[in-house]
Amino acid sequence: MKNTDEYLYAGIPTFMSSPYVTLEESKEYDVSIVGVPIDMGSSSRLGAKYAPRAIRDVSIMDRIASGKYVDLDSKKIINGSGISICDVGDVNIWSGDAEKN
């Protein structure tokens, strides 16, 4: 694996430059990121389908290990250096078929 700090602009954009893995491989990580690019719940302002890509693009300059985070459920502070994170990509979307989605 290449040093992701060296070429942030190259390769597959993943959340916080985490490894891009299969769903089966994601079981080895503490946190798995999955995108859901869909606009079906919007009535007039479309664009939510672009959110997974946009979030990945802006997160590329940050790293999970670089800080402390708050678990909103337990209200506990989590040190990012102990968390392993991966990105499994986006789920498949069937445009216009709410039942399949």
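This report covers a strand hairpin, a pocket and one serine in a predicted model.

Local features need pLDDT of at least 70, side-chain atom pairs count only at pLDDT 80 or more, and totals for chains, interfaces and linings use all residues. Residues are numbered from 1 along each chain as its sequence is written, and side-chain values use heavy atoms, without hydrogens and water.

**The hairpin.** Strand 2 and strand 3 form a hairpin with 4 residues between them. Strands here are DSSP runs of E, at least two residues; helices are runs of H or I, at least four. The two strands pair in the antiparallel sense over 4 bridges. Pairing takes at least two DSSP bridges. Aspartate 71 has lysine 76 of strand 3 as its bridge partner. In the turn, lysine 75 has a positive phi of about 65 degrees.

| Element | Residues |
|---|---|
| Strand 2 | 68-71 |
| Strand 3 | 76-79 |

**The pocket.** The second largest pocket has a volume of about 160 Å³. Its lining includes Tyr20, Arg53 and Asp87. Helix 1 (51-59) and strand 4 (85-90) each give two or more residues to this lining. A pocket is an open set of points on a 1 Å grid where a 1.4 Å probe fits, with protein on both sides within 12 Å along at least five of seven lines; lining residues have an atom within 4 Å of a point. The volume is the space filled by probe spheres set on the points.

**Serine 18.** This residue lies in the segment before strand 1 (31-35). Serine 18 counts as buried because its relative accessibility is 5%, and buried means under 20% (1.4 Å probe, protein chains only). Its side chain reaches the backbone oxygen of phenylalanine 15 at 2.7 Å. Leaving out residues up to four places away in sequence, serine 18 touches Ile85, Cys86 and Asp87, with contact meaning heavy atoms within 4.5 Å.

Key: Buried means under 20% relative accessible area, exposed over 50%, partly exposed in between (1.4 Å probe, protein chains only). A polar contact is a pair of N or O atoms within 3.5 Å; within protein, one must be able to donate a hydrogen and the other to accept it, and residues adjacent in sequence count only if both atoms are side-chain atoms.
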